[in-house]
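Me: I would like to go through a structure by asking what earns each label. Please keep the replies short.

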Amino acid sequence: MTEQTETISASECLIRMYDEQHEIEDYQKGVPRWCSGCGDNSILTAVQRLCRDEGLLPEKTVFVSGIGCSSRLPHYMNTYGFHGIHGRALPVAEGVKLARPDLTVFVNTGDGDCCSIGAAHWIHAIRYNMDMTMMLHDNQIYGLTKMQASPTSPLGLKSNTTPHGTYLEALNPLTVTLGVSNVSFVAQVVDWIPEVMYQVLSQAYHHKGFSFVRIIQRCTEWLPKLLDPWLHDRQRVLLLHHENGLEISPALAKSYTKMREHDPSNMNEAREIASAFDPIPVGILYRNDDVPCYEDLRHDSRLRTNSLIQKGLESEFDKFTIWADGNEPA
Amino acid sequence: MALEINQTESETVTTEPKFGGKAVMLEEHIVEIISDSGEGAQKCGQSFGAIAARMGFGVWTVEIIPAEIRPPARSVAGASGNRIRIGSKRITNGGNETDLVVAFNEQVLLGRVRSKELKPGCTILLESMWRTSSNPRFAKSYVETYDQLVAAGYRVYEIPMDKECRKVVSDPRKGKNMFALGVLCGIYSLDLKVARQQIALTFSKKSDEVIKSNVNLLEAGYRYAEEHIDIKYSIPAVKSTENQIVVNGNTALALGVLASGMEICAMYPITPATSASHYLSDVFEKVGGIVHQAEDEIAACTFAIGASYAGKCTVTITSGPGYSLKQEAIGLAVMGEIPLVVVNVMRGGPSTGQPTKTEQGDLMTTIFGSHGDAPKVVIAPGTIEDCFYSVITARKIAETFNMVVVILSDANLATSQQPFRRPVFSEEWMAPPIDQSAVPKGAKPYDWDPKTGLARRFVPGQPNGMHTLTGLAHDVNSHVAYDPEINQQGMRARSLKLATLQKTLRPPTVFGDPTGDLLVIGWGSSKGAIEEAVEGLRAEGKKVSALHLTFIQPLPPGIREILAGFKQHITIENNWCDQWEDEMIDETNRRYSALALLLRSRYLVDIDCWSECRGTPLKPNTVRRVILEKLS
Ligand SMILES: Cc1ncc(C[n+]2csc(CCOP(=O)(O)OP(=O)(O)O)c2C)c(N)n1
Ligand code: SF4
Ligand SMILES: [Mg+2]
């Protein structure tokens with residue numbers, strides 16, 4: 001057979017481009033069943049917009065989640081999705097990525113899912129630094145199971161398991177993440193500033209490595225008032241900006257005047273910012289593009305042909321073989 | 001401290017000539033070499049087994065492993081070494097008690113005596129340096145033990161190993177094992193040429209000097225045996241006309257992973273499964289494979305599930321405690337119909353149990369494990385060779401049926417070596433390439449076939465196949481659905497796949513006559529011991545046969561017909577069942593062994609069981625005793 005190179009006309013090319021141009025509807029599926037006003041809705045909108053703007057092929061994109069209200073997100077994406085078991089979204093996503101580096105992987109997880117039952121995986125995912133974007137939908141409560149305290153619940157919060165208020169200081173997901181070796185991207189956003197959420201998710205997506213985005217998310221069902229003080233007082237949000245971080249639009253700058261220039265390559269400053277909750281720091285806290293990705297470290301560029309496998313296997317058999325008379329290789 | 005030595009009834013004085021005369025012909029023998037850990041007895045034993053195998057003997061070697069990494073020197077519980085059964089015929093198990101033992105000190109020897117592993121009156125070659133030890137405690141203990149052993153009828157040879165080795169090397173601690181190997185080669189008339197080759201192979205990564213000094217030690221040992229020991233055995237060997245490979249069960253499993261075409265193994269270290277992953281870590285990359293050591297077993301299993309879901313059927317290897325941790329994830333793979341191979345190299349349980357010891361305690365957990373109805377395939381290799389092929393079979397079934405396939409090996413197979421025919425590579429072993437073709441518009445991710453329960457799987461990357469896999473109850477579109485009918489439909493499909501697989505299985509074959517007084521049923525690593533005992537009793541005219549099951553879920557067809565050919569049935573297993581002798585136990589409360597319980601419920605036949613949980617492999621003599629009791 002002679003080799004054929006595919007040539008297409010300019011007009012056909014345009015048609016194809018048009019065909020491959022996706023609309024936001026192409027990424028939507030079903031009707032979300034979250035409570036009205038739930039912050040998960042705005043996260044969904046942001047990622048659908050991101051997929052469209054980046055022109056992600058739906059069949060090459062996988063959303064992996066655990067269990068919780070937040071983990072329902074993959075069901076509303078018209079991409080591949082994996083809605084697994086409580087706490088284990090990250091190792092599933094790592095398996096997907098190691099097997100198929102060609103796929104774009106997102107992870108959606110809750111504060112219980114990630115910071116409690118899945119905490120070990122969270123620490124190690126940071127260390128593996130595999131190329132994926134993780135969204136921590138942090139509503140500071142267990143939503144799906146009806147209002148139990150989570151590790152990120154503020155001290156004293158009354159819940160169904162802590163009717164007299166929680167006993168322990170909240171766990172800070174940002175400082176924890178920043179404390180793990182190989183950390184390569186850490187950001188924080190709030191669900192009520194969509195512009196910032198979109199921009200941060202976009203940068204997280206473009207970052208090669210494990211991008212950790214904590215999203216402070218409202219649970220209107222169980223904690224309808226918890227975040228009101230921050231929602232209503234714009235001075236209680238601190239915008240982090242930098243030429244290598246968040247770009248603040250003039251419109252945004254008008255509503256949110258509390259800002260701080262922060263270079264995301266500065267770890268010490270990132271840790272200091274991460275430790276404060278009031279005002280809520282929003283933006284990119286840390287970024288390091290030089291941390292190697294586990295899938296690249298383990299990648300083998302050779303084609304895994306049957307003959308490669310056979311060769312390897314035979315040489316192993318040779319090591320253990322007792323040759324019958326006359327069969328001994330020269 | 002009491003010695004607790006078995007007294008021999010009568011010491012039959014054999015008229016063996018002092019060596020110099022003719023070697024005594026034997027059909028088979030069991031040899032042990034034991035030392036403190038780190039003194040190289042394992043290497044000696046393995047080499048001895050390999051030399052014997054190369055010469056054409058039937059061989060089965062088992063590691064003797066102390067429960068701790070570095071037990072104190074000279075401790076009763078610290079015996080480390082190897083047990084080698086050699087014979088002129090093919091050998092299928094570790095056999096009964098030991099005939100001849102080489103011990104580097106009297107304490108490790110005592111451990112073996114107390115656990116009744118040594119044949120009464122057996123031959124002991126004992127390092128004698130302790131007799132003159134500068135530590136009076138050692139010297140006293142040595143002399144006392146020696147005297148008691150002799151009084152108990154053991155045939156003890158004191159060998160100044162340390163002194164003899166010093167004639168060849170400066171540090172005898174490093175070379176005593178090869179000296180001992182030479183002694184054994186001398187006693188069993190093994191070919192020195194083959195032994196030298198084996199040493200070169202064993203130390204192939206070391207310098208020529210190291211090889212040379214080890215060969216010198218070997219030859220010194222051989223000469224010592226000829227000059228000082230009045231026993232010489234000869235076992236006729238028939239060299240195989242086929243190429244064979246000699247590996248232990250864990251290496252065979254790892255080779256099976258290579259041969260199955262799988263590309264990723266996700267694991268977390270745990271005894272006695274780890275050595276499979278060690279070996280795989282060493283070789284998998286040569287063929288583009290990856291061993292991923294996860295942060296825990298839950299991560300290992302879910303990582304494997306993620307990789308499988310993405311198109312590359314993956315294996316996760318573990319043992320008891322790790323296997324328990326994987327249960328929820330296994331249920332997810334069952335529910336999502338993700339192919340997955342899980343290897344459980346069983347150890348003693350429950351809890352941390354007996355990490356280095358063998359048991360068949362996980363059968364029920366495997367079949368019924370994970371909450372809800374979670375049908376999965378369970379296969380149990382019965383030989384080292386099975387360990388290799390079971391992985392290839394498991395990968396195929398997993399991908400054909402989109403199911404979880406669990407391979408139940410155990411510590412016995414994991415640490416035993418037995419030669420088997422060198423496998424001939426087949427393209428059919430390999431995994432197919434990942435399907436990235438477009439899914440026909442309108443096709444559904446769980447389009448369950450109403451007859452077989454099978455559904456096609458859509459892999460990420462396939463256009464039009466987008467769906468969200470979920471561990472929640474779901475409909476044909478993979479949409480979450482709690483509708484009663486839809487849940488029934490999904491449960492039915494996942495269960496039907498087992499029946500569909502069962503239709504493709506061949507009935508098992510009976511070892512012995514298809515009819516008789518008693519059928520002994522077993523599974524997994526006890527195959528060799530059971531068949532050996534049955535063969536012996538058949539030769540004595542007993543109407544007993546054996547049935548070994550490799551597929552346990554689903555059980556293959558034809559078993560009902562086989563059971564019908566026998567008056568009585570008993571399973572013999574290496575797990576727990578209540579004993580009739582216990583006062584509280586009667587037919588209303590007796591807990592049966594796992595396989596017996598399964599077979600009783602399926603075939604409504606009054607199948608008895610016998611089992612033990614001693615942490616050691618079943619011995620043919622034990623099986624023999626149980627059969628005779630059952631027949632009487
Ligand atoms: C192993 C296991 N334990 C417990 C649960 C019950 N459970 C489901 S979701 C959840 C917590 C959800 O909280 P979070 O992760 O914060 O998600 P949210 O619903 O708030 O988005 C719990 C405890 C479960 N599904 N699996
Ligand atoms: S319970 Fe809370 S987190 Fe869950 S959907 Fe409702 S508002 Fe959202
Ligand atoms: Mg939550």
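The turns below take the labels one by one, from the interface to the ligand sites and the backbone.

Me: What kind of model is this?
Reply: A predicted model. Side-chain atom pairs count only at pLDDT 80 or more.

Me: How do you know that chain A and chain B are in contact?
Reply: The test is heavy atoms within 4.5 Å. By that test, 55 residues of chain A are in contact with 75 residues of chain B. The area buried between the two chains is about 5500 Å². Carbon and sulfur atoms give 59% of that area. On the chain A side, Tyr80(A), Arg304(A) and Ile322(A) lose the most area to chain B, together 15% of what that side buries.

Me: What makes Lys239(B) and Asp325(A) a salt bridge?
Reply: The cut-off is 4 Å between a side-chain nitrogen of Lys or Arg and a carboxyl oxygen of Asp or Glu. The side chains of Lys239(B) and Asp325(A) meet at 3.4 Å, N to O. That is within 4 Å, so the pair qualifies. The count between chain A and chain B is six salt bridges. Across this interface there are also 38 residue pairs in polar contact, both residues at pLDDT 80 or more.

Me: Which elements of chain A give two or more residues to the side that touches chain B?
Reply: They are β2 (80-83), α3 (89-99), α5 (119-128), α12 (306-320) and β10 (321-322) of chain A. The largest share, 12 residues, comes from α12(A). By class, this side of chain A has 24 nonpolar, 15 polar and 16 charged residues.

Me: Why are β10(A) and β9 of chain B called paired strands?
Reply: Pairing needs at least two bridges between the strands. Two bridges join β10(A) to β9 (residues 244-248) of chain B, so the requirement is met. The strands run antiparallel. In β9(B), the bridge partner of Thr321(A) is Ile245(B).

Me: Why does the salt bridge of Glu263(B) and Arg304(A) join two chains?
Reply: First the distance: their side chains meet at 3.8 Å, N to O. The limit is 4 Å, so the pair is a salt bridge. Then the location. Glu263(B) lies in the loop between α8 (249-259) and β10 (264-267) of chain B, and Arg304(A) in the loop between α11 (294-297) and α12 of chain A, so the pair joins two chains.

Me: How do you know that Asp99(B) and Lys119(B) link distant parts of the chain?
Reply: Asp99(B) is in strand β5 (residues 98-103) of chain B. Lys119(B) is in strand β6 (residues 118-127) of chain B. The two residues are 20 residues apart. Their closest N and O atoms are 2.7 Å apart, so the 4 Å cut-off is satisfied. Over all chains, the count comes to 44 salt bridges.

Me: Why is the site of ligand 1 called shared between chains?
Reply: Residues from chains A and B surround ligand 1, so the site is shared. Of the 17 residues around ligand 1, Cys69(A), Ser70(A), Asp111(A), Gly112(A) and Asp113(A) come nearest.

Me: What makes Ser70(A) a polar contact of ligand 1?
Reply: The limit is 3.5 Å between N or O atoms. A polar side-chain atom of Ser70(A) lies 2.7 Å from an oxygen atom of ligand 1, so it counts. A polar backbone atom of Asp113(A) is 2.7 Å from an oxygen atom of the ligand. For Gly143(A), a polar backbone atom is 2.9 Å from a ligand oxygen.

Me: Which classes make up the shell around ligand 2?
Reply: The shell divides into six nonpolar, three polar and one charged. Among its residues are Trp34(A), Cys35(A), Cys38(A), Gln217(A) and Glu221(A).

Me: How do you know that the bond joining Asp278(A) and Pro279(A) is cis?
Reply: Its omega is about 0 degrees. Pro279(A) is in the loop between α10 (267-274) and β9 (280-287) of chain A. Another cis peptide bond joins Thr271(B) and Pro272(B), with omega also about 0 degrees. Most peptide bonds are trans.

Me: What is the phi of Gln140(A)?
Reply: Positive, about 60 degrees, although Gln140(A) is not a glycine. Gln140(A) is found in the loop between β4 (132-138) and α6 (173-178) of chain A. Most residues other than glycine have a negative phi.

Conventions
Residues numbered from 1 in each chain as written. Chains lettered and ligands numbered in written order. Predicted model: local features only at pLDDT ≥ 70, side-chain atom pairs only at ≥ 80, totals over all residues. Heavy atoms only, no water. Buried area = accessible area lost by both parts, 1.4 Å probe. Polar contact = N/O pair within 3.5 Å; in protein donor to acceptor, adjacent residues only side chain to side chain. Helix = DSSP H or I, 4+ residues; strand = E, 2+ residues; numbered from the N terminus. Nonpolar A, V, L, I, M, F, W, Y, C, P; charged D, E, K, R; others polar. Near = heavy atom within 4 Å.
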